[in-house]
Amino acid sequence: MGMRYKNIRGDHFSSLRLRDVLLGMGILLCAAVPVRAETTGDAIIHADDHPDDWLTHGRTYSEQRYSPLKQINAKTIGHLHLAWHYDLDTNRGQEATPLIINGVMYTTTAWSKVKALDAATGRLLWAYDPKVDGKVGVRGCCDIVNRGLGYWNGKLYLATFDNRLIALDSRDGKVIWSINTIPTDADLGQQQAYTITGAPRIAKGRVLIGNGGAEFGARGFISAFDAETGKLDWRFFTVPNPHNRPDHAPSDTVLMTRAYPTWSPTGAWVRQGGGGTVWDSIVYDPVTDLVYFGAGNGSPWSYGIRSNGKGDNLFLDSIVAVKPDTGEYVWHFQETPEDQWDYTSTQQIMTLDLPLDGQMRHVIVHAPKNGFFYVLDAATGEFISGKNFVFVNWAKGLDPKTGRPIFNPDAQYSVTGKPFYVFPGDMGGHGIAAMSYSPRTGLVYLPTQQVPDHLKGARKFKPLPDGWNLGLDIQPDDKMPSVEEQKAGVRDLRGSLVAWDPVEQKARWEVVQKGPANGGVLSTAGDLVFQGLTDGTFHAYDAHDGKDLFSFDAQSGIIASPVSYRIGGRQYVAIEVGWGGSYGLFATGLARQETGSVNHSRVLAFALDGRDHLPTVSDDPVPSSPPPASFAPRQALAGSQQYLNYCQYCHGANVEWNGVLPDLRKSPAIQDKNSFYAIVGKGALSSFGMDGFEKSMKPDEIESIRQFIIERAHQTLSQP
Ligand SMILES: O=C(O)c1cc(C(=O)O)c2c(n1)C(=O)C(=O)c1cc(C(=O)O)[nH]c1-2
Ligand SMILES: [Ca+2]
């Protein structure tokens, strides 16, 4: 009949496939019945009609990360092998969830680069590099990662580390439009604080994206742009305007009437943005026609400094629901009032239909950093239940009616003035690793971790222009922790995969893993749960009991989340490999002595009877050049303070190698004062992500860092 329809790629194709589908359903009674062209939105809503694809970040709008494919299952798993691998050209943390559309894998890498691969073979079809200026590398809290793309009617949407939102033609990667997502004329705290690591989500023709920066001095917001033109549709700020004046945004009324009174008008937030960055989870729910997003921690962290220890500080650490068309506020639920622990609520938001008290309810399930698993009514935000899924000591529990935490007063270190060893720490009981829900088992597969934090509030707060601004007392120890102390710290580190029953609010089983910061989870109709780990292995667990059915040596820590898809009747499971992210960069020795992770970045795809092998890699490519024999101990102590202020979050605590960035102790640059200054002061390596700190530190302060590194080289490289 010559009619053409739009498929989910947005290009036209013959009516053949639709006819088959409709015939199969007994619908095509008369060939002349006009059929509505299928849009990406419809396809995502009916994602189970497209089991071969992975159309949006969490596969469906519910972000359950469950694949209905089952060729790979407990019976066939013995035949699962590597089908192909693709080496990435950035050796930094890889966190993206690939999209799979009509046999093509679209994924992103560190430095916000895009790769389009033949998803059956791993062959590169096209690549796009937004050429993010390396200088901005030092502005990110947690590595220069990117979590993936959005897709809508033939276009891909990339959010870059330097805050651009770019629409690409999915056929060839050509730029269609590109815009800056940070308004230069808004009240934002510190404009230079912003970066983007998250994946855009697209609903009803609008691209939704937030940003990070609350460790530096940002005011959080989420924006919605027209998918066709890139024009701003609306922007919702998550914390009040510092002057309590309108931003001319849909957030104005609720911020001015309800949120502003929960902040002290004279706290440091007025200059430091307040935080609440929307750096990861954004979900559109077609059932309620609402957009939910998670807001992050306070800026600065110290509640005593940020808000004079007063008020709940809305909407920090909250889930907020708004209307997709206008950004109009609908409801919010604050998980962590009075935040001083970096307890972001940005972790993955998932919607489910759960049998609760004899009726099906459409709910949100959420496992934020604060360690509690929440079940909320998706339409109203009403608190249904909450239970801690890891050990917590900042709260004694949740109020059973309201869900508000019952605080442990000792945990309020920024108010008491006394240090506190808090569980969970700032990594959270659950971090960036995706969780997954299998409707077949009714369980949420949740990657949990324990990395406690020793927090001490600062007495005075003086923000550093290029450093982290937390309001914490981070003083150098005049002695490094003893081996015993280090061991005790390591004993408190934990990571596990928990199968959580969201109805009963309890763990059904748990697989204890070697350490924290493991990758995200995929569950499948083959009753398997796939997960990559910090120790560089990739696993398939039995969805019923956690039995480890498959293990593969991926040669580098995995922090990303797997996907599954099908091409020509063959099911694949794919994962990005590449050690890094916040824990990878910072934890160094602690993380690595258990795992030995070094960054080798790749995409891996597995299938039954796969025939690929990884090449052998060497794990210490940096030649060891002996550091100079002398250093100035007093200067070295001063240097350790500068190192804590400016260097540790990327180069690692205690200057031990993190397996990602160059090992400073072995760097030729520490041999010579001038070479070191050229890099650390003037930014000779800025194109690699290492900007110069000349504006933040005086030459002798920079030299003191060099002395400190030399001291650490002597102390640690000589150890066996
Ligand atoms: O407050 C923020 O703005 C912000 C941003 C980001 C980010 O954009 O990656 C992270 C965090 N916070 C954070 O607290 C955190 O633990 C974290 C881990 C990671 C990561 O990618 O491994 N990013 C971030
Ligand atoms: Ca944060």
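**View 1. Lys155 is a buried residue, with a relative accessible area of 10%.** In this predicted model, the 10% computed for Lys155 falls in the buried class because that class covers values under 20% relative accessible area. Lys155 is found in strand β10, which comprises residues 155-159. Leaving aside residues up to four places away in sequence, Lys155 touches Gly150, Ala167, Leu168, Ser170, Ile176, Ala227 and Glu228.

**View 2. The calcium ion (ligand 2) is held by protein donors from Glu215, Asn297 and Asp342.** Glu215 is listed with two OE entries, and the other protein donors are OD1 of Asn297 and an OD atom of Asp342, with distances to the calcium ion of 2.3 to 2.7 Å. Along the chain, the donors of this ion follow the spacing E-x81-N-x44-D. Glu215 lies in the loop between β14 (206-209) and β15 (221-226), whereas Asp342 lies in the loop between β22 (329-334) and β23, so the pair ties together parts that are 127 residues apart in sequence. Both Glu215 and Asp342 are buried.

**View 3. Strands β23 and β24 form a hairpin with two residues between them.** Strand β23 spans residues 349-356, and because six of its eight residues are buried, this strand is largely enclosed by the rest of the structure. Its partner β24, residues 359-366, runs antiparallel to β23 and is joined to it by eight bridges. Within this pairing, Met350 stands opposite Val365 in β24. In the turn of the hairpin, Asp357 has a positive phi of about 50 degrees.

**View 4. Four strands form an open sheet in the order β18-β19-β21-β22.** The pairing in this sheet is antiparallel. Strands β18 (282-285) and β22 stand at the edges, each with a single partner strand, so one side of each is left without a neighbour in the sheet. From one strand to the next, the twist averages 15 degrees. Strand β21, residues 318-322, is joined to β22 by five bridges, and the two run antiparallel. Across this pair, Ile319 of β21 stands opposite Phe333 in β22.

**View 5. Helix α3 (residues 252-259) has buried residues at Asp252, Val254, Leu255 and Ala259.** The elements that cover the buried residues of α3 include β16 (232-237) and β22. Strand β22 thus appears in this view as part of the cover of α3, and in the preceding view as an edge strand of the open sheet.

**View 6. The whole chain, shown for context, has 13 helices and 41 strands.** Along its principal axes, the C-alpha trace spans about 90 × 60 × 50 Å. A compact globule with 720 residues would have a radius of gyration near 27 Å, and the 25 Å of the chain agrees with that expectation. Buried residues make up 64% of the 720 residues. Of the contacts in the chain with a separation of 6 or more, 62% are accounted for by residues 24 or more positions apart. The chain exposes about 26,800 Å², and carbon and sulfur atoms supply 52% of this area.

Methods: Residues are numbered from 1 along each chain as its sequence is written. Chains are lettered from A and ligands numbered from 1 in the order in which they are written. This is a predicted model: local features need pLDDT of at least 70, side-chain atom pairs count only at pLDDT 80 or more; totals for chains, interfaces and linings use all residues. Side-chain values use heavy atoms; hydrogens and water are left out. Buried means under 20% relative accessible area, exposed over 50%, partly exposed in between (1.4 Å probe, protein chains only). Two strands pair if DSSP finds at least two bridges between them. Donors are N, O and S atoms within 2.8 Å of the metal (3.2 Å for Na, K and Ca); water is not among the atoms, so sites may look incomplete. The radius of gyration is taken over C-alpha atoms; the globule rule is 2.2 Å times the number of residues to the power 0.38. Contact means heavy atoms within 4.5 Å. Accessible areas come from the Shrake-Rupley method with a 1.4 Å probe; for residues, only the protein chains shown count as cover. Axes are lines fitted to C-alpha atoms, for helices over the stretch in contact, and angles run from 0 to 180 degrees between N-to-C directions.
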